[in-house]
Amino acid sequence: MGFFKQKNNQQVQEKVIREDKMPPHRSTASLEKNIRYIQEELKNSTDLKVRLLPGNKQALLYLDDITDPDKMQRYIFTPLREMDGDIQKIKDREESDDLNKAVSALLEGKSVYIIEGNATCYFFNVQQNVTRAIMEPMNEKVIKGSHDGFNEDIKQNINLIRRRIQHRSLTIKKQTVGDYTESEIALVYVEGIVNPGVVKELETRVKNISSDALLSAGAFSEYIEDRTYSIFPQFLSTERPDKTVSQLMEGRIAILFANNPTCLIAPVTFYAFYQSPDDYNTRWLVATYIRLIRLFSFILAITLPSFYIAVVGFHYEVIPEELISPVLGAIRDIAYPPIVEAVLMVIVIELIRESGIRLPSPIGSTIGIVGGLVIGDAIVTAGLVSNLMVIVIALTSLASFVVPSNEMSDSLRILTFPLIILSSVLGFIGITFGLLMVLIHLCRMESLGLSYFTPIQFRDLKDTVIRVPQFLMKRRPEQLESPRPYKSNELSDKHGKK
Amino acid sequence: MAKSNTKQKITLSQLAYIFIQSQIGVDILNLSTVLHREAGADGWIALLIGGVISIFFVLMILHISKCYPGEGLFEILQSTFGKVLGALVGFGYYVYFLVVAIYLLTSYGELINQWLLPETPVLVLYALLVISALYTISGGLTLIAKVFTFFAIILFIISALFLFGFVDAKFIYLLPMGQASFSEYVEGVRVTIYSLSSYVLLLLFIPYTEGSIKQKTRTLVGAHLLVISFYLYTVIVSFAHFGTDQIDHVSQPVLYMLRTADSVIITRIDIFVLAMWTVFAMTAFAAYLYAAERAFAKVPKQKKKMLNVYSASVIVLGVAYWGGLNEENIRSIIDFQDKITEAFTIYIPLLLFVLSFMRRKDKQKGTAQ
């Protein structure tokens, strides 16, 4: 921020006034003047339609592309005919004598009815709703469990949540962000379970966002997260209503966005990125097994390449005797040092991944075959990379994709680089220092002022590294400092006692 | 951003882990050899006696802390010895903590240079250790507590790995008992108490812990017993593994013991243990560096406080580097440490202990009138 400070010739730009904060502009009794004002305010946009009604004494204004002609017929013209042209008899209308309000209403998809000789404008809601059907999110599929997902319509998303929590303490606070875009966001939480201090903190942070546009959930999280410079994600993003609801019931806050299917959840812990709705839908032993596999994959994903480099470069002694000659045989004829091999291979994998993402799936699988089989085989035969390194890097990238959360998997893949460099300089000691720094960093981090990475204690183990049966998980996570620490009214359950 | 340190509180279990982690430094790898040199095959008995005595020191520290509620070491020194003398003794403690930090740093550098990275400049290792310690300290007491708690798991992993030492162990090496003379026992006990001497640091952590003094006593004595049993475990394993003839000539018996151990998946467990030991070296070092930082706790500005820590760590780095240049320098550092350790870990705490009784009488008088 402070790299290029310009103190003297700082540019001055006009302040943009948000639509809901426009000063009122009284309408006049003249139909023509009113219409001209609105047209000028909307910069003579072509999609503003002015429909003069017979007699040229009344006019209906609307933005063509965001209004629904059917609704207009149903809510305005048909009743108008029935009421003999008296607009004031029609129900379901708003009225105002502020022309700026009329402009805002037009932008929202309402139509404005103006009458000559009358300073009042009448608004009718004839908005056209464009929604996608409810589908299962592409990147968060589950085997068992509900298959619905959020879509771009915030109302429908709230609907999906409300249907799952039918209680009066489910609170929804809507706000708008962005001076131009006025994007609607909704903070959703369950009053009485959520920590009120955290809600307050989040609300002040949201209020302090000053920006012309709010474009995505990711950008939004960068405005309000605790540590922008960290490589770890600090908001859990999901498109699944069931996941959102389970997090709400733990005492977290969900942030929904208009025109965006992503829902952000805060405050989170590091472990939340390793949990999947599937875990709660299978036998607890199976879920525990899968959780442990995920933990193992986490360790594998960040340390395996550096471990291999350290072993090959510094600590041959670690390899059992029988394996030494195959390992040495594999790397003897390679021209490059292991670190170059590793970086090369990692880049190849990233290329395959990145090129496959945006392609339609038939071509995507071709890329996979070309990349994986052809390059993988040829690169070894050409003597650029050793067999073992291909195995190591392939395993690493597999492990990094085990993480249920996409953002966390990206972070992990970046984390391998510093560890590779450290291990090629200092061997195991380098890896230790690298992991030490990562873990200290994780311990330092906070999510909305609550700790992000709590050391594993016995009580926290129950729903993090392993998953115990439901009746043993009687407490909400310690981290949240919830005003309702237990998950049920029955505190004296025989099972849950320590 | 940075919260003031005084308001941060730690829990009882965090206190226990801080205590454990600051006790286990690099020394313990070498402890069995040193004990054997001092007290022969009875070294482990000396360790046991020393451990029991050190429990009294822990209780003493707890009593001192009870008499000065809410005050850390440096504040206690001020209110006991008065302003000038208190500042002087406080500065003494500052120097002592730095010297211990230097000692930890040099011994870690030496260890790694000897075992793993003979060609790496030792300054690089020092710098890495200092950086990670500084990163820990700069987060304040709560971060230290969290980090130390997290890494406690390594203690259990390493304890499990030491089981390999029992494969070739002959417990007959521990016999005959009671052969050492009284003065040899005293030497052994002295060595033990020195290596368990981070109980002094407790004065800095107890006042910021939640819980009653009774709970704290229970926690700390438990943690201390855990540390002693870990010490005893390593010493007995290495005694039983090597026997009287060999152990005097091995510098890190625990590591040598694992070097020969044969596991199926990997060979040379010692390398892994050594890599993990880096964590212990870091935590113990960070604890002492933090203690030195607390000397400036009264400095109101956070920035200036960190500046003091940075300058302290530069001093530590400089002296450690100088110490690493040749044998003579390192000898003089260790000698200096030996000299002042006795004063700061035994005599001054004893003095504080005695004075705390007088203070209590004063208080009682004050309330009676």
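Buried area is the accessible area that two parts lose on being put together, summed over both. With that in hand, let's work through this predicted model.

**Exercise 1.** Work out how much area chain A and chain B bury between them, and which residues of chain A supply the most.

*Solution.* Start with the total: the two chains bury about 2,700 Å², and carbon and sulfur atoms account for 77% of it. Next, look at the chain A side, where Ile429(A), Phe433(A) and Arg444(A) supply 22% of the area buried against chain B, more than any other three residues. Then count the residues in contact: 25 come from chain A and 34 from chain B.

**Exercise 2.** Find the salt bridge between the chains and test it against the cut-off.

*Solution.* The count between chain A and chain B is one. Its partners are Arg268(B) and Glu317(A), with their closest N and O atoms 3.7 Å apart. A salt bridge needs these atoms within 4 Å, so the pair qualifies. Now add the polar contacts, five residue pairs across the interface. On the chain A side, helix 14 (residues 428-444) gives the most, with 11 residues. Sorted by type, the residues of that side are 17 nonpolar, five polar and three charged.

**Exercise 3.** Describe the contact between domain 2 and domain 3 of chain A.

*Solution.* First locate them: domain 2 spans 154-268 and domain 3 spans 281-451. Each domain gives 16 residues to the contact. The buried area is about 1,500 Å², 67% of it from carbon and sulfur atoms. In domain 2, Arg227(A), Ile231(A) and Phe232(A) lose the most area, together 39% of what that side buries. Finally, the polar side: zero salt bridges, but six residue pairs in polar contact.

Definitions and conventions:
Residues are numbered from 1 along each chain as its sequence is written. Chains are lettered from A and ligands numbered from 1 in the order in which they are written. This is a predicted model: local features need pLDDT of at least 70, side-chain atom pairs count only at pLDDT 80 or more; totals for chains, interfaces and linings use all residues. Side-chain values use heavy atoms; hydrogens and water are left out. Contact means heavy atoms within 4.5 Å. Buried area is the accessible area (1.4 Å probe) that two parts lose on being put together, summed over both. A salt bridge is a side-chain nitrogen of Lys or Arg within 4 Å of a carboxyl oxygen of Asp or Glu. A polar contact is a pair of N or O atoms within 3.5 Å; within protein, one must be able to donate a hydrogen and the other to accept it, and residues adjacent in sequence count only if both atoms are side-chain atoms. Helices (H or I, at least four residues) and strands (E, at least two) are DSSP runs, numbered from the N terminus. Ala, Val, Leu, Ile, Met, Phe, Trp, Tyr, Cys and Pro count as nonpolar, Asp, Glu, Lys and Arg as charged, and the others, Gly among them, as polar. Domain bounds come from an automatic or database domain assignment.
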